[in-house]
Amino acid sequence: MIPYSRQSIDQSDIDAVVETLKGDFLTGGKIVSDFEEALAHYLGVKHVCVMNSATSALHVAYQIIGLHEGDEIITTPLSFAATSNTAIQCGAKPIFCDIKWDGNIDERKIEALITPQTKAVSAVDFGGNPVEIQTLKNLCNTHKLFLIDDASHALGSEIDGQKVGNVADMTIFSFHAIKPITTFEGGAIATNNTEFYEKAKLLRSHGVVKKTHWNSDMIVLGENYRLSDVACALGLSQLKRLDSFIAKRADIARYYDERFQNNPYFTTIAIAPTKKSSYHLYPILLSSSLWCAKEELFESLHVKGIGVQVHYKPIYQFSYYKERFGEHRLANAEDFYRAELSIPCHQGMRMEDATLVADTLIEEIEKIKGCNR
Ligand SMILES: *Cc1c(COP(=O)(O)O)cnc(C)c1O
């Protein structure tokens, strides 16, 4: 099976982990700050605070902006549930804004959703394709809202020559196994705001500050969201390989882009010339005549060893959300969910694999007789 995404672990990664395992600090040591500094340097941001998942990082970011009962955040339905779950955990209500046909939040539809309760906008760089971050930032500044960018897909993505992570108040990254780099599980907050960074460190570790000798104080209600030195050793090693991972995925994406140009069955998502994608995902959007056959196509591709996936079921369609916040239907999010398939695109693939994926995809689509349900 060629999965839609997969981690890539080599001997240098294994050596880094093993060396740390043999060391004095499995957690709470210097490798954590080494990884944070390396990430900050890579991104060109002032501060990075790593945590044990992007979900933890989102939760902490919402705590830092003081999200609480009665607040609203405007966010995208086309994400992993954690983007809005963590806001709900802080007591806030997610207000879903429709997306554009590239899977990113539609910045033109946000303003109409702002109320006196709105506290923040949370966007997602879908598949690694950067959102219109400056437009979102200007909008947030005008309305005095915080901007959180869930860039779980977008480590290494760029907009106007600048790495994703520099514009939002806080940018969240994920190091889950199949994200752009991995620390097994893991995540981070990147920020240029020193106060936010200090709060993130505090909340990550119980809200406890050291005083003198054995004496400590607990000053805010925090969590244990720390990332271990062993995980950070893997992260440091992976970070050295990130640009080569992205280059490999970009090669595959370029091949797909050309191969699929003007095909009658689906469209692909063009990345603007001012942007660079991490290509965490390579989404295709089936034409509407094929939507009813997507299950059949998904199954037949899996039988042929092509591990396609669908990103994402709109979050408001989950039963928890329906029961708590009522029924919603956003036209583009609905259609995108019907149309989207993420086809394999990862650094472990050879170009022959990409050719096989493309050949098999076209073959299997052509076998579909049409929708007779
Ligand atoms: C993967 C992902 C998350 C959650 O990341 P974890 O590190 O697994 O907690 C959040 N948001 C998006 C958009 C993701 O893709």
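## Helix α2 and its two sides

In this predicted model, helix α2 covers residues 30-43, and its 14 residues should span 20 Å at 1.5 Å a residue, which agrees with the 20 Å that separates its end C-alpha atoms. Among the residues of this helix, V32, F35, E36, L39, A40, Y42 and L43 are buried. These buried residues cover an arc of only 160° around the axis, so they lie on the same side of α2. On the other side of α2 the picture changes, for K30, E37 and H41 are exposed there.

## Strand β10 and its partners

Strand β10, made of residues 187-191, is mostly covered, since 5 of its 5 residues are buried. The cover reaches both faces of the strand: G187, I189 and T191 are buried on one side, while A188 and A190 are buried on the other.

Which strands pair with β10? Strand β2, residues 47-51, is joined to β10 by 5 bridges, and the two strands run antiparallel; within this pair, V48 stands opposite A190 of β10. Strand β9, residues 170-174, also pairs with β10 in the antiparallel sense, over 4 bridges, and here S174 has G187 of β10 as its bridge partner. Both of these β10 residues have already been met above, with A190 on one buried face and G187 on the other. As a general point, strands of a sheet pair through backbone hydrogen bonds, either parallel or antiparallel.

## An open sheet of three strands

Another part of the model holds an open sheet of 3 strands, arranged in the order β8-β7-β14 with antiparallel pairing. Why is one side of β8 and of β14 left without a neighbour in the sheet? Strands β8 (162-163) and β14 (275-276) stand at the edges and have a single partner strand each, so one side of each has no neighbour in the sheet.

The link between β7 and β14 can be followed down to single residues. Strand β7, residues 158-159, is joined to β14 by 2 bridges, with the two strands running antiparallel, and I159 has K275 in β14 as its bridge partner.

## A nonpolar patch on the surface

On the surface, I9, I14 and V18 form a nonpolar patch, and together they have about 220 Å² of accessible area. One of these residues, I14, is found in helix α1, which covers residues 11-21. Is I14 buried, partly exposed or exposed? With a relative accessible area of 39%, I14 is partly exposed, because this class lies between the limit of under 20% for buried residues and that of over 50% for exposed ones.

Note on methods. Residues numbered from 1 in each chain as written. Predicted model: local features only at pLDDT ≥ 70, side-chain atom pairs only at ≥ 80, totals over all residues. Heavy atoms only, no water. Patch = residues over 30% accessible without salt bridge, like charges linked within 9 Å, V, L, I, M, F, W, Y side chains within 5 Å. Areas by Shrake-Rupley, 256 points an atom, 1.4 Å probe, with all protein chains shown as cover. Salt bridge = Lys/Arg side-chain N within 4 Å of Asp/Glu carboxyl O. Buried < 20%, exposed > 50% of the residue type's maximum accessible area, 1.4 Å probe, protein only. Pairing = 2+ DSSP bridges. Expected span 1.5 Å × (residues − 1). Arc of directions from axis to C-beta.
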